[in-house]
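Trainee: Could you take me through this structure slowly, and show me how each term is earned from its definition?
Mentor: Gladly; let us look at it together.

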Amino acid sequence: MRQKIVAGNWKMNKTLNEGLKLTTEIVNMVADEVRGDVKVILAPPYIHLTQLNGQIKNADRIFLGAQNCSQHKSGAFTGEISAEMLASVGVSYVLVGHSERREYFNESNLQLASKIDIALENNLLPIFCCGESLDIRESGKYEAFICNQIKESLFHLNEEQFSKIVIAYEPIWAIGTGKTATSEQAQEVHAAIRKFIAGQYGGEIAESLSILYGGSCKPDNAKELFSCPDVDGGLIGGAALKSRDFTDIVKSF
Ligand code: PGA
């Protein structure tokens, strides 16, 4: 059985007090309402991580994630946060290569390969994000584009390292737009990703890889998306900012 995961990416939202309140609500709702083996990840802004860790550390199945990390180990990189620092405050997962990082901060596939390495060295589990723009979708060459993102950032890993990776497929045209990929579109790409991974790492590793869908995932479409055979959960943006919506998504399996 593949691990089911729902991760909330808060992006640059919520003051500390708002974040603590949201977390308290999610912790309670998940404890009361969620059954089964789904893992829940909360990825708040960096400066909230330490306090959120205090709130979730006794909560079954809820883990802390960061939205990014530096590709450097330490040193004169003003404003950056290292993987080692994240691990030191209780972070378990880290998003690598979110499309907003790629687009607004020019993160390249090669730079992301370094972030993956440093995350793994520090025992963080990377959630590697990939996905195409509307232009690429309309050109019809989206599968090749996504496979190349994966190849350039991940295929230097050995099998043991690769087995720690989670992949999030997030079509850029669906992020924050209210326009979700259909379950057929999501399943098509997820299956293509799994096949591509199988070609490099073998069927067993590909079958055990969790592949999350992201992009306007909401309580009213999560059930259908999560019922696709190759969709193992979601990376949630907007709907992760409301405890009811987020918990309802977690309950959609
Ligand atoms: P969204 O964002 O759910 O608001 O579309 C998803 C993401 O960017 O991870």
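Trainee: What makes the pair formed by a backbone N or O atom of Gly238 and an oxygen atom of the ligand a polar contact?
Mentor: A polar contact is a pair of N or O atoms within 3.5 Å (within protein, one must be able to donate a hydrogen and the other to accept it, and residues adjacent in sequence count only if both atoms are side-chain atoms). The Gly238 atom lies 2.8 Å from the ligand oxygen, so the pair meets that limit. As for the ligand's surface, taken alone the ligand exposes 290 Å², and the protein buries 96% of that (by the Shrake-Rupley method with a 1.4 Å probe).
Mentor: Keep in mind that this is a predicted model, in which local features need pLDDT of at least 70 and side-chain atom pairs count only at pLDDT 80 or more, while totals for chains, interfaces and linings use all residues. Residues are numbered from 1 along each chain as its sequence is written, and side-chain values use heavy atoms, with hydrogens and water left out.

Trainee: Which distances do the polar side-chain atoms of His98 and Glu170 keep from an oxygen atom of the ligand?
Mentor: For His98 the distance is 2.7 Å, and for Glu170 it is 2.6 Å.

Trainee: Why is Asp232 called buried?
Mentor: Asp232 has a relative accessible area of 6%, and therefore it is buried, since that word means under 20% (1.4 Å probe, protein chains only). Asp232 lies in the loop between α11 (219–226) and β8 (233–236), and a polar atom of its side chain is 2.8 Å from the backbone nitrogen of Ile211.

Conventions
Helix = DSSP H or I, 4+ residues; strand = E, 2+ residues; numbered from the N terminus. Buried < 20%, exposed > 50% of the residue type's maximum accessible area, 1.4 Å probe, protein only.
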